[in-house]
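This briefing is meant for a reader who is meeting the structure for the first time. Please look over the sequence and the model below before reading on.

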Amino acid sequence: MNRSLAAIASLAVSATAASAQLIAAGPFQSSNTDFYTLSEVNGAATPFAPFNVFDIASGMTWDGERLLAATSDALYAIDPDTGLSTFLFFLGAAAPGGEGCIAARPGTDELYAISDNILWRIDLNTGIPTLIRDGLPNNNWNGLTFGPDGRLFTIVFSFSFSRLYEVQLPSGFITEIGPMNFPPNSGNNPGVTGLAFNPDLQAMYAAYLGDLYRVNFFNGASVRLGASGLGSISGLAYVGSPPPAGCPADLAPPQGVLDLADIGAFTGAFQ
């Protein structure tokens, strides 16, 4: 195989290194959080990797290239292939107050977090938080995700009801979308612990009492898909495939030219 074909094969492998999947952390309130993949059909959990930090991963999000997990005081980058974590920075006052209350804004270096009744924007390059709004109309926010058309969604949870809301940016004002038909919570469990969006299927998911629900982002109505088997979940994120690498510099003109015959031979092997 010559240099051109080897480069094409490398691109193909790197583009498929991490497949798209729904990831959950759990169990909630455990001294050791592990990561699981969840079936988007019935919610069943499959062990994925341990979280090598002695703390609970209380929120997760995907920034387009990395799985990010927040603990009670810090943010970590998680390798989607191995589960190994890398410390990024301390969150300080912007540490999420509710379960699952972090969301990376697609196509940017912005991370949003809700801490009690305060909305923050955090620069993923520097870790510096910027206060967006102080005094949100509730302090029981659980779950945060960017959904269709770049809209930001969150949930107000109580033991008797839950409601889906949209967070208006850049103002931070909250608009109610509708009630979520979760069953009553006795108070012995954390309730809503994650919110995630699959852009490929245009599907929104919520974790509630260890079960996976599909959420209608137009009116908040929720349909139970099934039990994860974890008992409880502590964070939910949809991990997409990382963007493919660019063309190697040594093959770009004037350094090199891709051989069309090699391209045909390579692609023909998969036919």
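What percentage of the 271 residues in the protein chain is buried? Buried residues make up 50% of them, and the reader should keep in mind that this figure, like every other one here, is computed from a predicted model. The protein chain holds two helices and 20 strands, and the points below go through the chain as a whole, its sheets and hairpins, its largest pocket and some details of its backbone.

**The chain as a whole**

- The surface that the protein chain exposes comes to about 12200 Å², and 55% of this area is supplied by carbon and sulfur atoms.
- Among the contacts in the protein chain with a separation of 6 or more, 49% are between residues that lie 24 or more positions apart.
- One pair of residues far apart in sequence is Val41 and Leu212, which are separated by 171 residues along the chain while their C-alpha atoms are 9.4 Å apart in space.
- Val41 belongs to the loop between strand 2 and strand 3, and it counts as exposed because its relative accessibility is 69%, where the cut-off for exposed is over 50%.

**The sheet that contains strands 1, 2, 3 and 20**

- Four strands make up an open sheet with antiparallel pairing, and their order across the sheet is 3-2-1-20.
- The edges of this sheet are taken by strand 3, which covers residues 45-50, and by strand 20, which covers residues 236-239, and each of these pairs on one side only.
- From one strand to the next, the twist of this sheet averages 35°.
- Strand 2, made of residues 34-38, is paired with strand 3 in the antiparallel sense over five bridges, and within this pairing Thr37 has Thr46 of strand 3 as its bridge partner.

**The sheet that contains strands 16 to 19**

- Another open sheet is formed by four strands in the order 16-17-18-19, again with antiparallel pairing.
- Strand 16 and strand 19, the latter covering residues 222-227, stand at the edges with a single partner strand each, so one side of each is left without a neighbour in the sheet.
- Neighbouring strands in this sheet are turned against each other by 25° on average, with direction ignored.
- Strand 18, which covers residues 211-215, runs antiparallel to strand 19 and is joined to it by five bridges, with Val215 standing opposite Ser222 of strand 19.

**Two hairpins that share strand 10**

- Strand 9 (residues 110-115) and strand 10 (residues 118-123) run antiparallel and are joined by six bridges, and Ala113 has Trp120 of strand 10 as its bridge partner.
- These two strands, strand 9 and strand 10, form a hairpin with two residues between them, and Asp116 is in the turn.
- Strand 10 also runs antiparallel to strand 11 (residues 129-134), to which five bridges join it, and the bridge partner of Arg121 in strand 11 is Thr130.
- The hairpin of strand 10 and strand 11 has five residues between the strands, and Gly127 in its turn has a positive phi of about 80°.

**The largest pocket**

- The largest pocket has a volume of about 380 Å³.
- Its lining is made up of 26 residues, of which Trp62, Pro106, Phe146, Phe197 and Pro199 are the closest to the centre of the pocket.
- Two or more lining residues are contributed by each of strand 4 (59-62), strand 8 (102-104), strand 12 (141-146), strand 16 (192-198) and strand 20.

**Details of the backbone**

- Most residues other than glycine have a negative phi, and most peptide bonds are trans.
- Asp116, which lies in the loop between strand 9 and strand 10, has a phi near 60°, a positive value in a residue other than glycine.
- Because its relative accessibility is 46%, Asp116 counts as partly exposed.
- Gln202, placed in the loop between strand 16 and strand 17 (203-208), likewise has a positive phi, near 55°.
- With a relative accessibility of 40%, Gln202 counts as partly exposed.
- The peptide bond that joins Leu169 and Pro170 is cis, with an omega of about 10°, and Pro170 is found in the loop between strand 14 (162-167) and strand 15 (174-180).

How values were computed. Residues are numbered from 1 along each chain as its sequence is written. This is a predicted model: local features need pLDDT of at least 70, side-chain atom pairs count only at pLDDT 80 or more; totals for chains, interfaces and linings use all residues. Side-chain values use heavy atoms; hydrogens and water are left out. Two strands pair if DSSP finds at least two bridges between them. Axes are lines fitted to C-alpha atoms, for helices over the stretch in contact, and angles run from 0 to 180 degrees between N-to-C directions. Buried means under 20% relative accessible area, exposed over 50%, partly exposed in between (1.4 Å probe, protein chains only). Contact means heavy atoms within 4.5 Å. Accessible areas come from the Shrake-Rupley method with a 1.4 Å probe; for residues, only the protein chains shown count as cover. On a 1 Å grid over the protein atoms alone, a cavity is a set of points where a 1.4 Å probe fits but cannot get out, and a pocket is an open set with protein on both sides within 12 Å along at least five of seven lines; lining residues have an atom within 4 Å of a point. Grid points are joined across faces, edges and corners, and a volume is the space filled by probe spheres set on the points.
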